[in-house]
Amino acid sequence: QVHLVESGGGLVQPGGSLRLSCAASGRTFYAMGWFRQAPGKEREFVTTIGWSGGSANYADSVKGRFTISRDNAKNTVYLQMNSLKPEDTAVYYCVADPSIATIRNPSYWGQGTQVTVSS
């Protein structure tokens, strides 16, 4: 059985940083990533990464501020979030899929972790 377990969310001031982690169990995935859902808004793509780490993609809203990485030995993906803004406030979901071609419609979702950016 597949599980994706996120951690690292919390409350941070504008301009601050947070690092999210997502540990996968049950199988390994070629593609992993993050989506988010802000209050009253639809869930949206944030970033994805392939097995080697060389095929990372980012939403325009987070480019230059967020960095995705993965440790395949630990079956874990990370999201380093810097220069956080109030509009980054959302529940962040870890996602995984066997293929980088379909990761934007992922097969597996985590439960989500809340990130709140507020002074």
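**Figure 1. Trp51 and a nonpolar surface patch.** Trp51 is partly exposed in this predicted model, with a relative accessible area of 35%. Trp51 is found in the loop that connects β5 (44-49) to β6 (57-58). Together with Tyr30 and Ile100, Trp51 forms a nonpolar patch on the surface. The accessible area of these three residues comes to about 260 Å² together.

**Figure 2. Strand β1 and its partner β3.** β1 covers residues 3-7, and its side chains alternate. Leu4 and Glu6 point to one face and are buried. His3, Val5 and Ser7 point to the other face and are not buried. β1 runs antiparallel to strand β3 (residues 18-25), and five bridges join the two. At one position of this pairing, His3 stands opposite Ser25 in β3.

**Figure 3. Strand β5 between β4 and β6 in the pairing scheme.** Most of β5 is covered, with five of its six residues buried. β5 pairs with strand β4 (residues 31-37) in the antiparallel sense, over five bridges. In this pairing Arg36 stands opposite Glu44. Six residues lie between the strands in the hairpin of β4 and β5. Gly40 in this hairpin takes a positive phi near 75°. β5 also pairs with β6, again in the antiparallel sense, but over two bridges. Here Thr48 stands opposite Asn57 in β6.

**Figure 4. The aromatic pair Phe35–Phe45.** The structure holds four aromatic pairs. One of them joins Phe35 and Phe45, whose ring centres are 6.0 Å apart. Their planes meet at 80°, so the pair is edge-to-face. The pair links distant parts of the chain, with Phe35 in strand β4 and Phe45 in strand β5. The two residues are 10 apart in sequence. Phe35 counts as buried because its relative accessibility is 7%, under the 20% cut-off. Phe45 has a relative accessibility of 14% and counts as buried too.

**Figure 5. The aromatic pair Tyr93–Trp109.** The rings of Tyr93 and Trp109 have centres 6.1 Å apart. Their planes stand at 75°, so this pair is also edge-to-face. The pair links distant parts of the chain: Tyr93 belongs to strand β9 (residues 90-97), and Trp109 to strand β10 (residues 108-109). Their separation in sequence is 16 residues. Tyr93 counts as buried, at 12% relative accessibility. Trp109, at 34% relative accessibility, counts as partly exposed. Ring pairs join Tyr93 and Trp109 with Phe35 and Phe45 in a cluster.

**Figure 6. Arginines over aromatic rings.** The charged end of Arg43 sits over the ring of Trp109. Its distance from the ring centre is 4.6 Å. Elsewhere, Arg19 lies over the face of Tyr78. Here the distance to the ring centre is 4.1 Å.

**Figure 7. The salt bridge between Glu44 and Arg36.** A search of the whole structure finds four salt bridges. One of them is formed by Glu44 with Arg36. Their closest N and O atoms are 2.7 Å apart. Glu44 is partly exposed, with a relative accessible area of 35%. Arg36, in contrast, counts as buried at 6% relative accessibility. The two residues also stand opposite each other in the pairing of β4 and β5.

**Figure 8. The salt bridge between Arg65 and Asp88, and the network.** Arg65 forms a salt bridge with Asp88, and the closest N and O atoms are 2.7 Å apart. This pair links distant parts of the chain, 23 residues apart. Arg65 is in the loop between β6 and β7 (66-71). Asp88 is in the loop between β8 (76-81) and β9. Both Arg65 and Asp88 are buried. Salt bridges that share partners join Arg65 and Asp88 with Arg36 and Glu44 into one network.

**Figure 9. The salt bridge between Asp60 and Lys63.** Asp60 forms a salt bridge with Lys63. The closest N and O atoms are 3.2 Å apart. Asp60 is exposed, with a relative accessible area of 64%.

**Figure 10. Ser119 in the segment after β11.** Ser119 lies in the segment that follows β11 (113-117). Ser119 is exposed, with a relative accessible area of 84%. Ser119 and Tyr108 are 11 residues apart in sequence. In space, their C-alpha atoms are 33 Å apart.

Key
Residues numbered from 1 in each chain as written. Predicted model: local features only at pLDDT ≥ 70, side-chain atom pairs only at ≥ 80, totals over all residues. Heavy atoms only, no water. Buried < 20%, exposed > 50% of the residue type's maximum accessible area, 1.4 Å probe, protein only. Helix = DSSP H or I, 4+ residues; strand = E, 2+ residues; numbered from the N terminus. Pairing = 2+ DSSP bridges. Patch = residues over 30% accessible without salt bridge, like charges linked within 9 Å, V, L, I, M, F, W, Y side chains within 5 Å. Areas by Shrake-Rupley, 256 points an atom, 1.4 Å probe, with all protein chains shown as cover. Salt bridge = Lys/Arg side-chain N within 4 Å of Asp/Glu carboxyl O. Phe/Tyr/Trp six-rings, centres within 6.5 Å; stacked < 30°, edge-to-face > 60°. Lys NZ or Arg CZ within 6 Å of the ring centre and 35° of its normal.
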